[in-house]
Amino acid sequence: MKEVKLISFGQCPAKLASELKPGDITVWNWGITEEIVCKDKETKNQIVFSIKTEEGKILHRRLNKDRLVGIKL
């Protein structure tokens, strides 16, 4: 399995952004987590996801398809 090193969190399992699906929990620097709600838009190189933050807000996150993103198993 692929891994990324996050600031103040350490090594974390990872997936390519193109492999993320609704229900996945992403992990960012300092251990911040977000839940993937749905895939809003997809282009040749990027994907736009609706995400739910730890505070319960629904926001959008644009990621390149080849970006490694930390995930919570």
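**Notebook: patch, cores, odd phi values, salt bridges**

Started on the surface: I7, W30 and I32 make a nonpolar patch of about 330 Å². Note to self: this is a predicted model.

I looked up where the patch members sit. I7 is in the loop between β1 and β2, and I have it down as partly exposed, at 46% relative accessibility. W30 belongs to the loop between β3 (25-27) and β4 (33-42). With a relative accessible area of 57%, W30 is exposed.

While on W30, I checked its backbone: phi is positive, about 65°, though W30 is not a glycine. Most residues other than glycine have a negative phi, so I wrote that one down. Which other non-glycine has a positive phi? I found S8, at about 60°. S8 is in the loop between β1 (2-6) and β2 (10-16), and its 60% relative accessibility makes it exposed.

Next, the inside. The largest nonpolar core has 10 residues, and I listed A17, L20, W28, I36, I47, F49, I51, L63, V69 and I71. Two elements give two or more residues each, β5 (46-52) and β7 (68-71). Which one gives the largest share? It is β5, with three residues. There is also a second, separate core of five residues, V4, C12, A14 and V27 among them.

I picked A17 for a contact check. Leaving aside neighbours within four places in sequence, I got I47, F49, L63, N64, K65, R67 and V69.

Then the charges. How many salt bridges does the structure hold? I count five.

D24 pairs with K15, with the closest N and O atoms 3.0 Å apart. Buried or exposed, I asked of D24. D24 counts as buried at 13% relative accessibility, and K15 is buried too, with a relative accessible area of 17%.

E42 came up twice. Its side chain meets K39 in a salt bridge at 3.3 Å, N to O, and meets K65 in another at 2.9 Å, N to O. K65 lies in the loop between β6 (58-64) and β7 while E42 is in strand β4, so this pair ties together parts 23 residues apart in sequence. I noted accessibility for the K39 pair as well: K39 is partly exposed at 40%, and E42 is partly exposed with a relative accessible area of 44%.

Last entry: K15, K21 and D24 are joined into one network by salt bridges that share partners.

Notes: Residues are numbered from 1 along each chain as its sequence is written. This is a predicted model: local features need pLDDT of at least 70, side-chain atom pairs count only at pLDDT 80 or more; totals for chains, interfaces and linings use all residues. Side-chain values use heavy atoms; hydrogens and water are left out. A nonpolar core is a set of buried Ala, Val, Leu, Ile, Met, Phe, Trp, Tyr and Cys residues joined through side-chain atoms within 4.5 Å. Buried means under 20% relative accessible area, exposed over 50%, partly exposed in between (1.4 Å probe, protein chains only). Helices (H or I, at least four residues) and strands (E, at least two) are DSSP runs, numbered from the N terminus. Contact means heavy atoms within 4.5 Å. Patches are made of residues with over 30% relative accessible area and no salt bridge: like charges are joined within 9 Å, nonpolar side chains (Val, Leu, Ile, Met, Phe, Trp, Tyr) within 5 Å. Accessible areas come from the Shrake-Rupley method with a 1.4 Å probe; for residues, only the protein chains shown count as cover. A salt bridge is a side-chain nitrogen of Lys or Arg within 4 Å of a carboxyl oxygen of Asp or Glu.
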